[in-house]
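Subject: Structure for you to look at

Hello,

Please open the structure below and keep it on screen while you read. My notes on what was found follow it.

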There are 4 protein chains.
Amino acid sequence: MIIVTKPEATEEQIDHIIERIAEWGFKTDVSRGAMRTVIGVIGEEGAIREKPIAAIAGVESVTPVLKPYKLVAREFRGGNDSVVKIGGVAIGGPEIVIMSGPCSVENREQITSIAADIKSAGAKVLRGGAFKPRTSPYAFQGLGLEGLKLLAEAREVTGLPVITEIMDTKDLEMIEQYADCLQIGARNMQNFSLLKEVGRSKLPVMLKRGMSATIKDLLMSAEYILSEGNFNVLLCERGIRTFETYTRNTLDLNAVPVLKAETHLPVVVDPTHGVGLREHIGAMALAAVAAGADALMVEVHNSPELAKSDGEQALLPQEFADLVARVKKVAEAVGRSV
Amino acid sequence: MIIVTKPEATEEQIDHIIERIAEWGFKTDVSRGAMRTVIGVIGEEGAIREKPIAAIAGVESVTPVLKPYKLVAREFRGGNDSVVKIGGVAIGGPEIVIMSGPCSVENREQITSIAADIKSAGAKVLRGGAFKPRTSPYAFQGLGLEGLKLLAEAREVTGLPVITEIMDTKDLEMIEQYADCLQIGARNMQNFSLLKEVGRSKLPVMLKRGMSATIKDLLMSAEYILSEGNFNVLLCERGIRTFETYTRNTLDLNAVPVLKAETHLPVVVDPTHGVGLREHIGAMALAAVAAGADALMVEVHNSPELAKSDGEQALLPQEFADLVARVKKVAEAVGRSV
Amino acid sequence: MIIVTKPEATEEQIDHIIERIAEWGFKTDVSRGAMRTVIGVIGEEGAIREKPIAAIAGVESVTPVLKPYKLVAREFRGGNDSVVKIGGVAIGGPEIVIMSGPCSVENREQITSIAADIKSAGAKVLRGGAFKPRTSPYAFQGLGLEGLKLLAEAREVTGLPVITEIMDTKDLEMIEQYADCLQIGARNMQNFSLLKEVGRSKLPVMLKRGMSATIKDLLMSAEYILSEGNFNVLLCERGIRTFETYTRNTLDLNAVPVLKAETHLPVVVDPTHGVGLREHIGAMALAAVAAGADALMVEVHNSPELAKSDGEQALLPQEFADLVARVKKVAEAVGRSV
Amino acid sequence: MIIVTKPEATEEQIDHIIERIAEWGFKTDVSRGAMRTVIGVIGEEGAIREKPIAAIAGVESVTPVLKPYKLVAREFRGGNDSVVKIGGVAIGGPEIVIMSGPCSVENREQITSIAADIKSAGAKVLRGGAFKPRTSPYAFQGLGLEGLKLLAEAREVTGLPVITEIMDTKDLEMIEQYADCLQIGARNMQNFSLLKEVGRSKLPVMLKRGMSATIKDLLMSAEYILSEGNFNVLLCERGIRTFETYTRNTLDLNAVPVLKAETHLPVVVDPTHGVGLREHIGAMALAAVAAGADALMVEVHNSPELAKSDGEQALLPQEFADLVARVKKVAEAVGRSV
């Protein structure tokens, strides 16, 4: 921790800062300049990070030296990658995994048919929402338990493991009975009660980046889950909110190489929500793989114009199959497989 | 709803759009231009809003004519303001209400002493966190039930009604026993399970704007609460996330007159989190009142450099008292009182 | 300057960093931690700021201790405010100055009539664009020299000094003949050639904040002007670009108290462009004054629906007169006058 | 153009809107709803776009049906791609072109040596700044004319055509004598005087996207250049400003497929400024190619830690050569070559 004082800080104020830090059990290294004094704090940084040093009179800035996350940091695994399994499917290894399915589970015929389609196209994990976080209270909110049962049936038929979103701590036990992976949506990325709860689950968790979450915020939210004991966490880039309105969100592919460098956790990219325009999802999926993503999540619907949610950004099964073929080529160009 | 087709849309595609809308039970008004066709959809817009029209081939854009919210809209109250009561304190009338207290409840002495200080300075509602949404799992998470009891004790002593944050649907019953108003924090603004739950409470709710929530998003989240039957909702502007890093957030005072025009619900401004720099909270509090806010929420601590959270942005009791005096003058200049 | 090394930095790399800094003529203060080494650079920071220290192998971060601006810093004037004069009108003193006029000069009758209206309402400076920065090449681009002459005529009649925008270094001599103050628009805030050129002018300059300029960027652009010898600079907050689309821009009033603390230069607020919605300009003007602005710039037109630019955000003369009366009350509430 | 009226609009107001539009020479198609009236304006939209319709009493919103750009629109070329030549190098065809060189020209030895290195690695165009837009007036501002001469010498030696930045209308003639392509930097993307000036040049122009420019803004700025007669324009995505601070900017690759769909002009991506972190430039370069970019611009320096600008984000010549080999593979995976 490095403290810089204000130009007008008095000697008394500087002495008080140093004393306060000593009271908290830390040593200091003080370097007095013409304008400002620089105070280095020596000792275990985690312990002093939460102290309100900036509240002490005379302090201009407080800069941490270490990262605020520990368990998710790449160094924690000695620089190695973590591999997270959904059912029997490994994410984070050499193979790029494609997850797919509709936005919402709507009925048996819909989910079973789409599950079969995406499996034959090359998808390895089935997605589908039973609990839907919709901006409007008047929009379709998902089938709930019925949707979970239909997902489990589709798994039975196709063998594809299932990922689905959890929105409420109350629903964890129920969802655990049917799903293979829990999804935390972007709007709940800082729902800390929910993060703690899934941190106690046996299931892996895919954590989506919030719309205005920095990469650091995302890692801190993942840290919540790991700190409760669940190390099977996937991070998902799904677009951030910027001033640009042509695209639904701004898929931030910069986050892919940054996350791969900062953390051992696998990185998933969701181009569907990221760009939000059906005709551009393919280009962004290819770019995500070239940038280093470990997995993709792409929405597919067999009748988008009748979909109960997000039909305008779903690919048709045939479009999806074509995309998988193109993804395969780019994956090979960067030394991976699909 | 106004649909504009792509320049390359075929006659068949345009016919299919019109048929699909007819199947959904709506009439259309079609105007064919040289480049694009404009299709007006006639009928109850709420019913067609959720249809995936943009997924139909040939559609370029879909523009709603009506607002997506009903219950929160100013017109719903015939243009009148709603007045929401916390305990006996009315917010939304001529008087500007000041809510204050520490970020977190830390112990009996702390909360009781601060409560007494802010009351004598002119605050009408006591705030204090018992459940704290902290970015880091290693930071102080609040006293929980113990904190709620201490808040109730401070109310006993001072007579000030209490507002405190709820983070989990599981905690509602417990918090209802101790608090006079529920706060939904910025990070939970789109935690729709929580919104529905507090929508069934008897207590009023203060809903804070999310860090990347548009004004429309905020109103839609409020609509969730009202649609469950709870009309006692306050909206709180507390700063949005922008590219500017000098300030902790960017307090968006533009939202104040906009919200006052769009909705009948009272508007609260939280300059503490909004600007996040102790020395500038006062200026932003005055500006909020000049912009038309109905209430202010300002954090106060009697020993900021020992606070367990956010000490760097808490005012001292004396600074707060001075601020209330200045707020009073600006309130009077705009025809209100404190 | 404080340098922090990467965890994996080798001893050779750390030695090389120290040597390189020594070659540049600076001393270092090295503090080796378990994970990272912290190197303080001792000496005149301005001279080392531009060195590519971050390019040296093993460096994780480089944090300056001092501010990058000197001449615009509040300390440069010993903590005092600068007062800048446009014609005989002083900005930056106790009186809040209101500048007004149409977006564009359109013809003699228009500018003379509006000038008379705003003068009688209480404005002290006349604004009007002769060179207009329009997003579209097909939009009205301003009357050019003819517009400048009409502005000078309106000054003749009313006695109001004139501020107008300069867009091209080539036009400086011509504009200097007619105007009392040069305006640099938001889109040219980092047109460094133009900044240098107006830095050599005898006229005062009002520099508008760019749409994505941080407060620091704005101050650095002002530093360009002062560094060429022109100290008569006004800074103008006129709204930044954020994700919010309800308002045209997001007027960032947080910048007002921050700028007043950081620099001695006067601060102007332009609520017209800032919020961009006619009905909310008044609220934001009042808020700007409460936040500490030294001057306001508000657009007025006597026939907005026939204006050649920005008619939708112009106030009518009578609306403007009413606003001035309200501004006066708020100014007095914060100890100033109009 | 589609006009929607306010719920409280009176019959008189609606009639006045229709009359005003008739006065401007347009017909209307009026559809009266329960809450709002929708008025379609029939006729050449370009002619009515600049009218201040939103300023007319009773108007709630004005939505254009057509795009505001014409010459840059893909339809203008009948759906075909434009190919722009820099010297003899074609950009916009099947081959992906790599432009490279240092941030600034520093001296003969530096530019000649780097030019030779990048040529042998596979670059086809040499970049180098002679006029540098630096945030600080105290930073290296470029060698000016001397820099241009050194660039021309490097071209002489290597045969690589040269692209360099123009910052001031005054410099056009001089730069035209030495360069093969003009670059408009991000900070000047809306310097409309400069856009008009380069629109009259014989040289091709690479226009960089401004830090807060929407895709539409970028296209409108390109429209300025084409509307003056210069159709040889390249568009360059180089990162936008968002809330994320880990990366220097947020390289917005979503813009690549969007621009390829909207315009016939070739699209260049600059990952160096886009992500701004040396270790992640390679990943973003690969992703840009996968997303559909026609060209890349990558900065290289042979001694980054002694560079006069931006050394921290320059690749070493050997790193660049390795990157070109990887780019080649991804280009082939998407059916293109290098």
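Which domains does the domain assignment of chain A give? Domain 1 of chain A covers 2–63 and domain 2 covers 74–333, the bounds coming from an automatic or database domain assignment. The C-alpha centres of domain 1 and domain 2 of chain A lie 44 Å apart.

Two notes on conventions come before the rest. This is a predicted model, in which local features need pLDDT of at least 70 and side-chain atom pairs count only at pLDDT 80 or more, while totals for chains, interfaces and linings use all residues. Residues are numbered from 1 along each chain as its sequence is written, and chains are lettered from A and ligands numbered from 1 in the order in which they are written.

Chains A and B

Two copies of a chain are related by a rotation about an axis and a shift along it. Chain A is superposed on chain B by a rotation of 180° with 0.0 Å of shift along the axis, at an RMSD of 0.0 Å; the fit is by least squares on the C-alpha atoms of residues with pLDDT of at least 70 in both copies. The two copies are thus related as by a two-fold rotation axis. Within chain A, Ser212(A) has the C-alpha nearest that axis, at 2.8 Å.

In the contact between these chains, 38 residues of chain A touch 38 residues of chain B. Two residues are in contact if their C-beta atoms, placed from the backbone, lie within 7 Å. On the side of chain A that touches chain B, helix H6 (192–198) and helix H7 (215–227) of chain A each supply at least two residues. Helices here are DSSP runs (H or I, at least four residues), as strands are (E, at least two), numbered from the N terminus. H7(A) provides the largest share of that side, five residues.

By class, the side of chain A that touches chain B holds 17 nonpolar, eleven polar and ten charged residues. Ala, Val, Leu, Ile, Met, Phe, Trp, Tyr, Cys and Pro count as nonpolar, Asp, Glu, Lys and Arg as charged, and the others, Gly among them, as polar. Of the interface residues of chain A, 100% are also interface residues in chain B, so the copies meet through the same surface.

Chains C and B

A turn of 180° and a shift of 0.0 Å along the axis lay chain C on chain B with an RMSD of 0.0 Å. In chain C the C-alpha nearest the axis belongs to Ala287(C), 2.1 Å from it.

This contact takes 36 residues from chain C and 36 residues from chain B. On the side of chain C that touches chain B, the elements giving two or more residues are H7 (215–227), H8 (255–262), H10 (278–291) and H11 (317–333), helices of chain C. H10(C) gives the most, with nine residues. That side of chain C has 21 nonpolar, nine polar and six charged residues. Here too, 100% of the interface residues of chain C are also interface residues in chain B, so the copies meet through the same surface.

Helix pairs

Two packed helices are described by the angle between their axes and the distance between the axes. How do H10(B) and H10(C) cross, and at roughly what angle? Their axes come within 7 Å and cross at roughly 155°. Axes are lines fitted to C-alpha atoms, for helices over the stretch in contact, and angles run from 0 to 180 degrees between N-to-C directions. H10(B) and H10(C) are therefore roughly antiparallel to each other (angles under 35 degrees count as roughly parallel, over 145 as roughly antiparallel, 65 to 115 as roughly perpendicular and the rest as oblique). Residues that meet in this pair include Ala287(B) of H10(B) and Ala287(C) of H10(C). The contact of H10(B) with H10(C) has 14 nonpolar, no polar and no charged residues.

H10(B) also packs against H8(C): the axes come within 9 Å and cross at roughly 135°. H10(B) and H8(C) are therefore oblique to each other. Glu279(B), His280(B) and Ala283(B) of H10(B) make the contact with Val256(C), Pro257(C), Val258(C) and Ala261(C) of H8(C). These residues divide into five nonpolar, one polar and one charged.

Regards
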